[in-house]
Amino acid sequence: MLILSFKEGHDSAVAAIEDGRLLFVLESEKDSFPRYNSLTAEVLTTAMERLDRVPDVVAIGGWVKGNYSVERQSQTGYFGVGPGSVTDVPGTAFGRPVRRFSSTHERSHIMCAQGLAPLPAGQPVYHLVWEGNIGSFYRVDERGEVTHLRQVLADPGNKYAYLFALADPKFPANKGLLRLQDAGKQMALTGFAEPGEPDRAERELIDFILAQDGIILNVGKDEMSWSPYLDIGVESQAYKNVAAKLSDAIFERFHAYAAEHLTEGLPLLISGGCGLNCEWNRRWRECGLFPEVFVPPCPNDSGSALGTAIDAQLHYTGSASVSWDVYAGDPFVEDTTFDPAEFHSRPLDLAEVAKFLADGNIIAWARGRWEMGPRALGNRSILAAPFDAETTTRLNKIKQREGYRPIAPICLESDADQWFEGSVPDPYMLYFSSVRSDRLRAVTHVDGTARAQTVTPRQNPRMAGLLAAFRELTGFSVLCNTSLNFSGRGFLNRTSDLIEYGEQHGLDGYVVEDTFVTRRTA
């Protein structure tokens, strides 16, 4: 059975599954389109080129006819897991009969984690879906039947991000605006917080935010003049302190419910955009309530097309399990060549690249198919040695982003315990760990943590080989790893963009598939 699945709205994607095997996930933002992009002709035609026949099932994730979850529903809509949350009707595609399937956006999150989780078939699990509009726990039984347990908090992601907008003088006062990038910036800034319990002003603001219903649409900044945090500045210490305390309050609300009610000893699967919060993921993994915690590499809406495809597979076959690889995007497009008068190109030698990095150079690394989800996992990466704090400054300048943003490390899984303590292994860069070595200054955040990706030779042979070669030179199988993209764009995916990016931002070298390229010296 071939299933082709679509997700509308922001973070759009097209995914395909055939007979329980993931064929691809093509996200609309990738190949240098704007972040969080909606469906484009580019991604639709690319998906058709990747298939050799008309699908048996066309699956369309439920969404809304607009920008907000409360607007008129499209297909099966945004919310719901019970009756009416799944539809199955006959249809046609290119003159051929197909089944037309839809299930809600809420189910897409659940089924993405359900299908990708490395658990035996028929294993009952708990699910946590927390994102901009949903904050609920569920139980999925051995047949894949979903039971909604409790909405713990409405709009947890929106409430989390609202504080950044409140404190940012550049954010306008009118209602109904949401910057999807704010939550990630706030996660970085909470690392600068001073310890302590909330004071009166902090508690008043946190309680107000958590009590709101539809905070983005209903509470504009012009209604917040009573708060001392209005336009205080996101790099002020007062903002950093209250941001960390809001983060704690949101997590504690969910943890308290789980500790009291999720007592069967089942694994916990996490999805929704809040599944990208590495501190919350670390706390879930280390809380002791669950024998296993799994977060997929695409817990946010970038995984929703895949989740709907998995839901369709469950509907028609009774199984949600799929075989998959995180490198499920498109191959790199070599649409031009490096000018031999300006660049020296030669076959890839991992020892040579390791030496180049150890000497302080920064390179682009573009090999194979891109990663699904928002994290660069070693196929669309910028790499550097991890030792100097100045490297963090240079990388953030290259990335055109704020200086408070940390740089993540990539390391060999077999060596990870030497460099990091806590939530390792972490193949999808979804947990914070404590950094053990004071040599790793470029990848150590102000609070002593890092979001380390762990790599094995089976997962990514060339990257593992580079890390091993770097260890031979330096004693450390660790590199800086940040995503290869223009500011505000998805991963770049063609040589022409790569050359433009490198020349614009001063990269020292490039690895493109099995070729190593450096600029010729005068």
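How many bridges join strand β9 to strand β10, and do these strands run parallel or antiparallel? The close-ups below, all taken from a predicted model, start with that pair.

**View 1. Strands β9 and β10 side by side.** Here β9 covers residues 125-130 and β10 covers residues 135-140. The two run antiparallel, and six bridges join them. For a landmark, pick out valine 129: its bridge partner in β10 is serine 136.

**View 2. The five-stranded sheet around that pair.** Pull back a little and β9 and β10 turn up in an open sheet with the order β11-β10-β9-β12-β13. Pairing in this sheet is mixed. Its edges are β11 (146-151) and β13 (293-294), each of which pairs on one side only.

**View 3. Helix α3 packed on helix α4.** This one frames α3 (residues 156-167) and α4 (residues 182-189), whose axes sit 9 Å apart. The angle between them is about 80°, and angles of 65 to 115 degrees count as roughly perpendicular, so α3 and α4 fall in that class. On the α3 side, the residues making the contact are Tyr160, Ala161, Leu163, Phe164 and Ala165. Facing them from α4 are Asp182, Ala183, Lys185, Gln186, Met187 and Leu189. Sorted by class, the contact of α3 with α4 has eight nonpolar residues, one polar and two charged.

**View 4. The cavity lined in part by α3.** The structure has one cavity of 30 Å³ or more, and the space in the largest cavity comes to about 120 Å³. Its lining takes in 17 residues, with Tyr162, Ala165, Phe171, Leu177 and Ile216 lying nearest the centre. Ala165 is worth a second look, as this α3 residue also appears in the contact with α4. Two elements, α3 and α6 (215-218), give two or more residues to the lining. Of these, α3 gives the most, with three residues. The lining divides into ten nonpolar, three polar and four charged residues.

**View 5. The eight-stranded sheet.** Now for another open sheet, this time with eight strands in the order β14-β24-β23-β15-β16-β22-β17-β21. Its pairing is mixed. At the edges are β14 (343-347) and β21 (453-455), and each of them pairs on one side only. From one strand to the next, the twist averages 30°.

**View 6. Strand β17 against edge strand β21.** Last, zoom in on the end of that sheet where β17 (residues 409-412) meets β21. These two pair in the parallel sense, over three bridges. To get your bearings, find leucine 412, which stands opposite valine 455 in β21.

How values were computed. Residues numbered from 1 in each chain as written. Predicted model: local features only at pLDDT ≥ 70, side-chain atom pairs only at ≥ 80, totals over all residues. Heavy atoms only, no water. Pairing = 2+ DSSP bridges. Helix = DSSP H or I, 4+ residues; strand = E, 2+ residues; numbered from the N terminus. Axes fitted to C-alpha atoms, helices over the stretch in contact; angles between N-to-C directions. Parallel < 35°, antiparallel > 145°, perpendicular 65-115°, else oblique. Contact = heavy atoms within 4.5 Å. Nonpolar A, V, L, I, M, F, W, Y, C, P; charged D, E, K, R; others polar. 1 Å grid on protein atoms, 1.4 Å probe; cavity = no way out; pocket = protein on both sides within 12 Å on 5 of 7 lines; lining within 4 Å. Points joined across faces, edges and corners; volume = space filled by probe spheres on them.
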